[in-house]
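Please walk me through this protein model, beginning with one charged side chain and then moving out to the chain as a whole.

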Amino acid sequence: MTRAIASAEILSIGSELLVGETRDTNSGDLAADLSSRGVQVTRLTALPDRLDVVADAFRAALDSADLVVSTGGLGPTPDDLTREAIAQVCGRLPHVDPALERWLRDMFERRGVAFVEANLKQAWLIDGAESLPNKNGTAPGWWVERPGGKVIVALPGPPREAWPIWQEEVAPRLEARGVGADRYAETLRLTGVGESSLVDLIGEERLRAANPIVATYARADAVDVRVSATGEAGHSARDLVDEMLAELMPHLGPFVFARGDETWVDALGRRLEGRTVATVEIGTAGQLGVLLGRAEWLVFGEQLGAGSALAREHRGAEAYAARVREVAGSDVGLAVRVRERGGDTAVTIAVALDGQVTQVTRTAFLGGESGRRRAALIACAELWARLGS
């Protein structure tokens, strides 16, 4: 029976995940990919290396989702129990697949490494399972068809192995089967407004709506508003999202600097329209340079320590902005200077642009490294506003 894949659960297996020895990046990447294909991811779960716990998690996931994806637990050691758990849930006994055994032994022989018999575990299959080739490791994945059309996909834990298998082997199978519903989402990236203030701007009625869903997220570099929808009653998901965005933009528009996964580099580059920027930062420990990275429009960047001779000259930020623009021969000069004050950080930003120099002082929440990071974001926001004025 062929079943369209509309929902999924993701299981991350490995006791090391639960004690913080290893960070799970697979779940987020897989969830993002599935969501982009219109599949609703209903749960992400981290599990210890215990057969009963892992088997129970597979059973529960199969009861509620069309697709269950696991990562980890496919190695050769006794605590790698994903295959045993799947076999138990399916009521099958694992056996050594001759083709996989030949592949494994050949791989070890080519590398001049002795083949330990414990490795045969990585050649196991159960009836009804297909192996998924692993070009970057010794643990093939599994694709298991279940009665009723549900699917189990087991992937190795290392992302360098899991992700290529997912892209090259799993995704094509899912596409051939049919995945997802009519779903669409857009993300607005905001500056100059806190997440709590968005409740009033958006309205509780919109935030509580089931379709489309409007959700807010406080990120390191912005506050995001994500609008997602499922097509219904003759309305496409895209139409529902567009209608909601049309309602929101009169309230949020002044704060929106980017969309989707765009960064400050993208947003500023768009407003610069080919113009170049030179920066000088004082007392920030280089946080502005870290944020802007290797932006093509950033032609010069200088960092001064708060106690340096130049910083002790006490020149205003306007002088620094004008000077760095002149020295670099750029279209725009940007200076940012920070001082801790009363547990927070005073941030002075000056922008030299079109023959004028403007300066403002803002307050960044907290001091220390947190305050310096926020200072860099405030500097970007001021430059973005100045470019748009």
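Arg 146 is buried (under 20% relative accessible area with a 1.4 Å probe, protein chains only; exposed is over 50%, partly exposed in between), yet it has no salt bridge. A salt bridge here is a side-chain nitrogen of Lys or Arg within 4 Å of a carboxyl oxygen of Asp or Glu. The nearest side chain of opposite charge to Arg 146 is Asp 63, 9.2 Å away. Arg 146 sits in the loop between β7 (141-145) and β8 (151-155). Apart from neighbours within four places in sequence, Arg 146 is in contact (heavy atoms within 4.5 Å) with Leu 62, Val 89, Cys 90 and Ile 152.

The model is predicted: local features need pLDDT of at least 70, side-chain atom pairs count only at pLDDT 80 or more, and totals for chains, interfaces and linings use all residues. Residues are numbered from 1 along each chain as its sequence is written, and side-chain values use heavy atoms, with hydrogens and water left out.

The protein chain has 13 helices and 17 strands, taken as DSSP runs numbered from the N terminus (H or I, at least four residues, for helices; E, at least two, for strands). Of its 389 residues, 46% count as buried. Among contacts between residues at least 6 apart in sequence, 63% join residues at least 24 apart.

The C-alpha trace of the protein chain spans about 75 × 60 × 40 Å along its principal axes. Its radius of gyration, over C-alpha atoms, is 27 Å, whereas a compact globule of 389 residues would have one near 21 Å; the globule rule is 2.2 Å times the number of residues to the power 0.38.

Note on methods
Lys and Arg count as positive and Asp and Glu as negative; His and the chain ends are not counted.
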